[in-house]
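Hi everyone, thanks for making time for this one. I'd like to walk you through a structure, so let me put it up on the screen.

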Amino acid sequence: MGALVVATAPAGLSACSLPLDDIGAVLKTGSVEASTLQHMADLNMDRAAPILLRIYKSESRFEVWKQDRDGQYAPLVSYPICKFSGKLGPKVREGDHQAPEGFYEITPAQMNPLSREYLAFNIGFPNAFDRSLGRTGSVVMVHGGCHSIGCYAMTDRHMGEIYALIGEAFNGGQDKVQLQAFPFRMTAENLAARAQDNANAPFWTMLKAGSDAFQDERKPPRVAVCGHRYVFNPAADAELDPNAPCPPGVAPGLVAEDAEPAKSSLTAAHATARASAHAPRWEKRLLAQGHTPRIASVHKRARFAAKAHARRWQRVKFAAVGSQPPQKPFTPAPAPTPDLFLRPR
């Protein structure tokens with residue numbers, strides 16, 4: 001099945017795209033590799049079934065998920081992102097060279113087979129949420145070429161397959177493809193570790209709500225905006241106003257938290273995650289069993305002459321409150337001598 005060839009020519013095109021009437025432009029469609037087609041068959045997927053796109057900045061990964069014959073979405077193929085500009089966090093204004101984060105929709109009109117960067121599609125920034133916050137930008141693309149000034153850049157080979165997979169989904173009847181762009185995998189542990197004392201914590205908490213909605217149902221969530229917030233799978237049928245407060249009863253539990261509650265929960269989660277990550281193996285077992293071990297440690301340091309900087313640490317003797325860890329022998333440090341661990345300045 002051939003990929004759908006569609007394109008758009010918005011005003012003010014940047015380096016990410018090419019006007020459609022350029023003389024000598026070559027029409028391209030991309031293609032799906034045989035290994036990917038075999039993987040579809042193994043996963044019980046129709047070739048023309050709908051797809052969903054996911055981006056993880058911290059891992060530089062671009063994922064294509066596809067609907068199987070049971071109606072659930074499963075990961076089909078994952079590609080390394082060759083280049084994206086900026087850092088973790090949303091795009092705020094034109095010219096900040098920041099790749100966006102959030103929930104976007106790709107339609108056939110946003111596909112560009114004549115891009116100067118091999119192939120490209122416009123992700124649709126700014127969306128309703130971005131516009132409600134006054135964020136600005138234009139022609140933000142996923143494209144080939146492996147260089148970026150605010151877009152997500154792929155190798156030409158990977159971009160060709162992504163473009164073809166989107167085109168085949170459009171040919172199969174999908175009218176828009178959801179793209180979810182995240183700073184990192186939206187787990188509670190990652191959120192606690194990355195968002196602690198970060199101004200983007202409330203925004204990332206919103207993104208996690210959308211990620212959770214997808215993981216729970218394995219279907220793209222319906223995305224709306226009210227009160228300058230993302231709302232996922234809203235219960236109300238009425239059209240929501242991005243700039244007006246969210247009406248009562250709209251998607252209870254799926255409207256993202258405000259800043260202060262989000263920061264409080266992140267602080268607690270961060271403390272728990274950090275304690276577990278750095279605990280010895282026996283202590284991790286205690287934590288898993290609901291205990292809260294405390295460790296008392298003693299250390300000493302011996303200094304010699306100013307030019308020597310020699311140091312010697314005693315072994316740590318420790319004990320746990322509430323449960324007894326494996327005992328280790330306590331061996332005091334030997335008496336310091338002038339030639340013990342001498343190091344020049």
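Let's start with a charge and a ring: the charged end of arginine 54 sits over the ring of tryptophan 65, at 5.5 Å from the ring centre. Please keep in mind that this is a predicted model. There is another arrangement of this kind at tyrosine 56, where arginine 185 lies over the face of the ring, 3.8 Å from its centre.

Tryptophan 65 comes up again when we turn to arginine 218. Which residues does arginine 218 touch, leaving aside those up to four places away in sequence? The list is Trp65, Gly71, Gln72, Tyr73, Ala74 and Pro75. Along the chain, arginine 218 and tryptophan 65 are 153 residues apart, yet C-alpha to C-alpha they are 9.8 Å apart in space. You'll find arginine 218 in the loop between H5 and E11. With a relative accessible area of 30%, arginine 218 is partly exposed.

Now glutamate 217, which lies in helix H5. Glutamate 217 counts as partly exposed, at 48% relative accessibility. Its partner across the sequence is glutamine 72: 145 residues separate the two along the chain, and 7.9 Å separates them in space, C-alpha to C-alpha. Glutamine 72 was also in the contact list of arginine 218.

While we're on H5, which spans residues 201-217, have a look at lysine 208 in the same helix. Is lysine 208 buried or exposed? Its relative accessible area is 17%, and since anything under 20% counts as buried, lysine 208 is buried. What does lysine 208 touch, not counting residues up to four places away in sequence? The answer is Met186, Thr187, Ala188 and Leu191.

Let me step back to the whole chain for a moment. It has 7 helices and 12 strands. Of its 345 residues, 42% count as buried. If you take contacts between residues at least 6 apart in sequence, 59% of them join residues at least 24 apart.

On to the aromatics. A pair of aromatic rings is described by the distance of the centres and the angle of the planes. In this chain the count comes to 11 aromatic pairs. One of them is phenylalanine 103 with tyrosine 230: the ring centres are 5.6 Å apart and the planes are at 65°, so this pair is edge-to-face. Phenylalanine 103 is in strand E5 and tyrosine 230 is in strand E12, residues 229-232, so the pair ties together parts that are 127 residues apart in sequence. Both phenylalanine 103 and tyrosine 230 are buried. They also belong to a wider group, as ring pairs link Tyr56, Phe103, Phe129, Phe182, Phe203, Tyr230 and Phe232 into a cluster. Tyr56, you'll remember, is the ring with arginine 185 over its face.

Next, pockets. How many residues line the largest pocket? There are 22, and those nearest its centre are Glu105, Ala128, Val223, Ala224 and Val225. The volume of this pocket is about 410 Å³. Strand E5 (102-106), helix H2 (128-132) and strand E11 (223-226) each supply at least two residues of its lining. By residue class, that lining divides into 14 nonpolar, 4 polar and 4 charged.

The second largest pocket holds about 240 Å³ of space. It is lined by 13 residues, and the closest to its centre are Gln174, Lys176, Gln178, Pro220 and Pro221. Here the lining divides into 7 nonpolar, 3 polar and 3 charged.

Finally, some backbone details for those of you who like torsions. A cis peptide bond joins phenylalanine 125 and proline 126, with omega at about 0°. Proline 126 sits in the loop between strand E7 (120-122) and H2. Tyrosine 118 has a positive phi of about 75° although it is not a glycine. Tyrosine 118 is in the loop between strand E6 (111-112) and E7, and with a relative accessible area of 29% it is partly exposed. Cysteine 146 also has a positive phi, near 60°, and is likewise a residue other than glycine. Look for cysteine 146 in the loop between strand E8 (141-143) and strand E9 (152-153). At 34% relative accessibility, cysteine 146 counts as partly exposed.

That's my tour, so over to you for questions.

Definitions and conventions
Residues are numbered from 1 along each chain as its sequence is written. This is a predicted model: local features need pLDDT of at least 70, side-chain atom pairs count only at pLDDT 80 or more; totals for chains, interfaces and linings use all residues. Side-chain values use heavy atoms; hydrogens and water are left out. On a 1 Å grid over the protein atoms alone, a cavity is a set of points where a 1.4 Å probe fits but cannot get out, and a pocket is an open set with protein on both sides within 12 Å along at least five of seven lines; lining residues have an atom within 4 Å of a point. Grid points are joined across faces, edges and corners, and a volume is the space filled by probe spheres set on the points. Helices (H or I, at least four residues) and strands (E, at least two) are DSSP runs, numbered from the N terminus. Ala, Val, Leu, Ile, Met, Phe, Trp, Tyr, Cys and Pro count as nonpolar, Asp, Glu, Lys and Arg as charged, and the others, Gly among them, as polar. Rings of Phe, Tyr and Trp (its six-membered ring) pair if their centres lie within 6.5 Å; planes under 30 degrees apart count as stacked, over 60 as edge-to-face and the rest as tilted. Buried means under 20% relative accessible area, exposed over 50%, partly exposed in between (1.4 Å probe, protein chains only). A charge sits over a ring if NZ of Lys or CZ of Arg is within 6 Å of the ring centre and within 35 degrees of the ring normal. Contact means heavy atoms within 4.5 Å.
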